[in-house]
Amino acid sequence: SASEKGAYEHYMLKEIDEQPAVMRALQQVYLNADGTVEIDDEMLTAIKNSERIYVVAAGTSYHAGLVGRELFEKIAQVPTEVHVASEFAYNPPLLAEKPFFIFLSQSGETADSREVLKRVNEWNYPSLTITNVPNSTLSREASYTMLLHAGPEIAVASTKAYTAQVAVEAILAKAIGQMKGLQKAIEFDLKKELTLVANAMQIMVDEKYNMEMLADEYLKTTRNAFYIGRGIDYDVAIEAALKLKEISYIQTEGFASGELKHGTIALIEEGTPVIAIITNELTAAHTRSNVQEVIARGANVIRIVMDSLSQDQDQIVIPEVHPLLTPLVSIIPAQLLAYYASKNRGYDVDKPRNLAKSVTVE
Ligand code: G6P
């Protein structure tokens, strides 16, 4: 069955490998033959009639929400806020008059998110849960559900659920924009773009040996590490940092690369690993100059760069995909670096200490 690991040593590696297939499954489920999106009209109307989307989630799902904001704002032109569920529950922000809530949750059972949904229902606001588990609590209690179709995710460190969440958000953003008649949404060809993504993902998962070597060289003994990026690459940097820290126990933080000089650069020493993600042509030069600044202070830098922006010395080159979909591909080397860093250090990759797959207490 899909939840057996077969020849794989760990579920995490199996789940990393499944990501191209999940992209294809999502195309099958949500896209019509003509490339338009098939989603409940009543829900789309509810979103269209709202003034602002509030994404609420925890952990990796929260990080998928950060990418979702880019998609909802840039493709569907809906102002979007993303909130950590445990923060929102007891300190909600000042809400727009007509909010629409999106709960992102692999398990559909996270207590922090359930607490927020309880309040949203008391306030009578419409909501959507995007989850991997049909009939989960968050699915049952929200007004609408979209499923991730990622298959069971067993490893505590979430991988394929993150990329499935981002892809479903892209599909939803297109559907909203399509309903609003926005040219940008109509032209956002997900049949083509998600096919390119699936192919690019496949190329990245096939680079395991290279990732294992890099993990060995850069991450074997270090106590700390940094991921840096700008814009959508910063969103990915935060998720990449969580992946590495949660299974390798290397203290890792994701930073906006422009913020380094305002404090974090003080932490860079001889040999500190800094992993830079560069997929945006507008900011690539800026991030590269931040890379030079940390190299000057002794950092050991790994660069994850989109093909068209790559240079000779970049260690990880990701194939070209749509600029708003790069997280689907740039996260894969980061997942693999985390996997091999944890494995090389002799840790239990699938069951890191102190963590649970689904956290049903606040
Ligand atoms: C736990 C898991 C994380 C996950 C988070 C949110 O902390 O260890 O991997 O991202 O819960 O879970 P959810 O099921 O709501 O996505």
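# The ligand shell and the chain around it

Visitor: By class, how many nonpolar, polar and charged residues does the shell around the ligand have?
Guide: Ala, Val, Leu, Ile, Met, Phe, Trp, Tyr, Cys and Pro count as nonpolar; Asp, Glu, Lys and Arg count as charged; the others, Gly among them, count as polar. Sorted that way, the shell has four nonpolar, ten polar and one charged residues.

Visitor: What kind of model is this?
Guide: Residues are numbered from 1 along each chain as its sequence is written. Local features need pLDDT of at least 70, side-chain atom pairs count only at pLDDT 80 or more, and totals for chains, interfaces and linings use all residues, since the model is predicted.

Visitor: Which residues come nearest the ligand?
Guide: A residue is near the ligand if its C-beta atom, placed from the backbone, lies within 6 Å of it. There are 15 residues around the ligand. Those that come nearest are G59, T60, S105, S107 and T110.

Visitor: Which helix gives the largest share of that shell?
Guide: Helices are DSSP runs (H or I, at least four residues), strands are runs of E (at least two), and both are numbered from the N terminus. One helix supplies three residues of the shell, the largest share. It is α4, residues 59-74.

Visitor: Where is the kink in α4 centred?
Guide: The bend at a residue is the angle between axes fitted to the seven residues ending there and the seven starting there. In α4 the kink is about 25°. Its centre is V67.

Visitor: What span is expected for α4?
Guide: The expected span is 1.5 Å times one less than the number of residues. α4 has 16 residues and reaches 24 Å from its first C-alpha to its last. That is close to the expected 22 Å.

Visitor: How many residues of α4 are buried?
Guide: A residue is buried if 20 or more other C-beta atoms lie within 10 Å of its own, exposed if 12 or fewer, and partly exposed in between, with C-beta atoms placed from the backbone. α4 is largely enclosed by the rest of the structure, because so many of its residues are buried: 14 of the 16.

Visitor: What covers the buried residues of helix α6?
Guide: In α6, residues 111-122, the buried ones are D112, S113, R114, V116, L117 and V120. Contact here means C-beta atoms, placed from the backbone, within 7 Å. The cover includes β1, α5, β3, β4 and α7.

Visitor: How far apart are the end C-alpha atoms of α6?
Guide: α6 has twelve residues. At 1.5 Å a residue they should span 16 Å. The distance agrees with that: 17 Å.

Visitor: What phi does N124 take?
Guide: Most residues other than glycine have a negative phi. N124 comes just after α6. Its phi is positive, about 65°.

Visitor: Is Q77 buried, partly exposed or exposed, and what is its phi?
Guide: Q77 is found in the loop between α4 and β2. With 14 other C-beta atoms within 10 Å, Q77 is partly exposed. Its phi is positive in a residue other than glycine, near 55°.

Visitor: What distance separates the C-alpha atoms of Y249 and Y347?
Guide: Y249 lies in the loop between α12 and β7. Y249 has a positive phi of about 65°. Y249 and Y347 are 98 residues apart along the chain. Their C-alpha atoms are separated by 9.1 Å.

Visitor: How far apart in space are E9 and V349, C-alpha to C-alpha?
Guide: E9 is found in the segment before α1. With 11 C-beta neighbours inside 10 Å, E9 counts as exposed. E9 and V349 are 340 residues apart in sequence. In space the distance is 9.7 Å.

Visitor: Which residues does A215 contact beyond its neighbours within four places in sequence?
Guide: A215 lies in helix α11. A215 is buried, with 24 other C-beta atoms within 10 Å. Its contacts are L337, Y340, A341 and N344.

Visitor: Which residues does E320 touch, not counting those up to four places away in sequence?
Guide: E320 is found in the loop between β10 and α14. With 15 C-beta neighbours inside 10 Å, E320 counts as partly exposed. E320 touches M306, D307 and S308.

Visitor: What is the radius of gyration of the chain?
Guide: The chain has 14 helices and ten strands. The radius is taken over C-alpha atoms, and the globule rule is 2.2 Å times the number of residues to the power 0.38. For 362 residues the rule gives 21 Å, so the chain is as compact as a globular protein of that length, with a radius of 20 Å.

Methods
Two residues are in contact if their C-beta atoms, placed from the backbone, lie within 7 Å.
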